[in-house]
Amino acid sequence: MRKAGLLLTIVLLLAVLSAGCINPGPAGDKETLIIFHAGSLSIPFQQLEKDFEGYAKKSLNVEVIFQSEASGSVEAVRKVTDLGRKADIVAVADYTLIPQMLVPNYTDFYVLFATNEIVIAFTEKSRYADEMEAYPEKWYEILERPGVTFGFSDPNQDPCGYRSLMAIKLADLYYGKPIFEALIEKNTNVYASGNHIHAPREIEPKSSKVVIRPKETDIASLVESGSLDYVFIYKSVAEQHNLSYVALPDEINLRDFSKADHYRQVSITLGSTGETIEASPIVYGLTVLKDAPNRELAIEFLKFLLGENGKKVFKENHQDFLDQPVAFGNVPDEIRDIVRVEK
């Protein structure tokens, strides 16, 4: 009886297996993508990664695991160049960091894909919020007032930081007033020689009026909580965090490509890298590194991001996407039909 019972158990088990009740069938491979990206890309990238996971599972039979790290763009690049860390993709808020710091040793191509502008964000809890809302042209006067606090990200780590300083220096030229001296030199160890800004390696506030954090999303949270009145930040981040904001004139906000020559009057030298950067219209860039651990899948993600999927996600998150991304260098064949290749 025992032998008969054992035989029946084996027969039933084989029947279950043949019916597919235990065997789930062939599963897609698990593959990892490592991305170092600008803090201002956090929200659109989270959505893109989720969308790509579904696409890869269905179309590529791959289960993608993303390891994404948000930081200031300079810091993102230095993770590769200074710390020797491996990544598949680097995406930065200032595309010029790629040719300056990653080409030719770490990559041989890059793509320009999105734009932005500098605004001054605040909430109803900010001091003089009603006045800032009613008279936005008085923004620099309001920021100067006793008790009012404002902030920006660290220019040595984050393009939003050095672009904020550039915008304030451009305000000197636009309004014909020493706004940079009153807001920056009086309250930090950052200083300007004419239209050239010097940002020491360690930025030190001289008073509690100015607050500095590593990346723009860090400082946005201080405004949201009411512990900081105003912040110089990207428009997309202000929109994504439902912050009120003052839109600055095009001569100041680094948005207008037709004003590139005007912006170029201002420059900054960063103490962290020794690099001198000229003010220019804000353009985001990305690349796949030469030694990317999963280069083939990284190129697939690039195709996904640069096409209609990426345009849709960025539009939903209030950030302008280039009508056609622009690529430089040894551009992979897989993306040549969705970018404009420049030499």
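Mentor: A salt bridge is a side-chain nitrogen of Lys or Arg within 4 Å of a carboxyl oxygen of Asp or Glu. We will apply that to this model, which is predicted.

Trainee: What makes the contact between D291 and K86 a salt bridge?

Mentor: The N to O distance between the side chains of D291 and K86 is 2.5 Å. The cut-off is 4 Å and the pair is a Lys and an Asp, so the contact qualifies. D291 sits in the loop between β14 (283-288) and α13 (295-306), and K86 in the loop between α3 (73-81) and β3 (89-92). The two residues are 205 residues apart, and the pair links distant parts of the chain.

Trainee: Why is D291 called partly exposed, and what puts K86 in that class?

Mentor: Partly exposed lies between the limits of 20% and 50% relative accessible area. D291 has 39%, so it falls in that range. K86 has 46%, so it counts as partly exposed too.

Trainee: How do you know that E131 and R145 form a salt bridge?

Mentor: Their closest N and O atoms are 2.8 Å apart, and the limit is 4 Å, so the pair counts. E131 belongs to helix α5 (residues 129-134), while R145 lies in the loop between α6 (139-144) and β6 (150-153), 14 residues apart. E131 has a relative accessible area of 21%, and buried means under 20%, so E131 is partly exposed.

Trainee: What makes E278 and R264 a salt bridge?

Mentor: The N to O distance is 3.7 Å, which is within 4 Å, so this pair of E278 and R264 also meets the criterion. E278 lies in strand β13 and R264 in the loop between α12 (260-263) and β12, so the salt bridge ties together parts that are 14 residues apart in sequence. E278, at 45% relative accessible area, is partly exposed, and so is R264, at 40%. The whole structure has 21 salt bridges. A network of them links E117, K235, D250 and R255.

Trainee: How do you know that K209 has no salt bridge?

Mentor: The nearest side chain of opposite charge, D229, is 7.3 Å away. A salt bridge needs a distance within 4 Å, so K209 has none, although K209 is buried.

Trainee: What does the side chain of K209 reach instead, and at what distance?

Mentor: It reaches the backbone oxygen of V148 at 2.8 Å. A polar contact needs N or O atoms within 3.5 Å, so that distance satisfies the limit. K209 is in the loop between β8 (196-199) and β9 (210-213). Beyond its sequence neighbours up to four places away, K209 touches several residues, among them R145, V148 and N187.

Trainee: What makes β8 and β12 a strand pair?

Mentor: Pairing takes at least two bridges, and β8 and β12 (residues 267-270) have 4, so they pair, in the parallel sense. I197 stands opposite I268 in β12, and H198 stands opposite T269.

Trainee: Why do β12 and β13 count as paired?

Mentor: They are joined by 3 bridges, against a minimum of two, so they pair; their sense is antiparallel. T269 stands opposite T276 in β13. The hairpin of these strands has 5 residues between them, and G274 there takes a positive phi near 80°.

Trainee: Why is the pairing of the open sheet with order β7-β8-β12-β13 called mixed?

Mentor: The sheet of 4 strands has mixed pairing because β8 and β12 run parallel while β12 and β13 run antiparallel.

Trainee: What makes β7 and β13 the edge strands of this sheet?

Mentor: β7 (191-193) and β13 (276-278) each pair on one side only. Neighbouring strands of the sheet are turned by 25° against each other on average, direction ignored. Helix α7 (residues 159-175) lies across β7, β8, β12 and β13, running at about 145° to β12.

Trainee: Why is L243 called buried?

Mentor: L243 has a relative accessible area of 7%, and the limit is 20%, so L243 is buried. L243 lies in the loop between α10 (235-240) and β11 (244-247). Its contacts, leaving out residues up to four places away in sequence, include A121, F122, V223 and A238. The C-alpha atoms of L243 and V119 are separated by 11 Å, with the two residues 124 residues apart along the chain.

How values were computed: Residues are numbered from 1 along each chain as its sequence is written. This is a predicted model: local features need pLDDT of at least 70, side-chain atom pairs count only at pLDDT 80 or more; totals for chains, interfaces and linings use all residues. Side-chain values use heavy atoms; hydrogens and water are left out. Buried means under 20% relative accessible area, exposed over 50%, partly exposed in between (1.4 Å probe, protein chains only). Lys and Arg count as positive and Asp and Glu as negative; His and the chain ends are not counted. A polar contact is a pair of N or O atoms within 3.5 Å; within protein, one must be able to donate a hydrogen and the other to accept it, and residues adjacent in sequence count only if both atoms are side-chain atoms. Contact means heavy atoms within 4.5 Å. Axes are lines fitted to C-alpha atoms, for helices over the stretch in contact, and angles run from 0 to 180 degrees between N-to-C directions.
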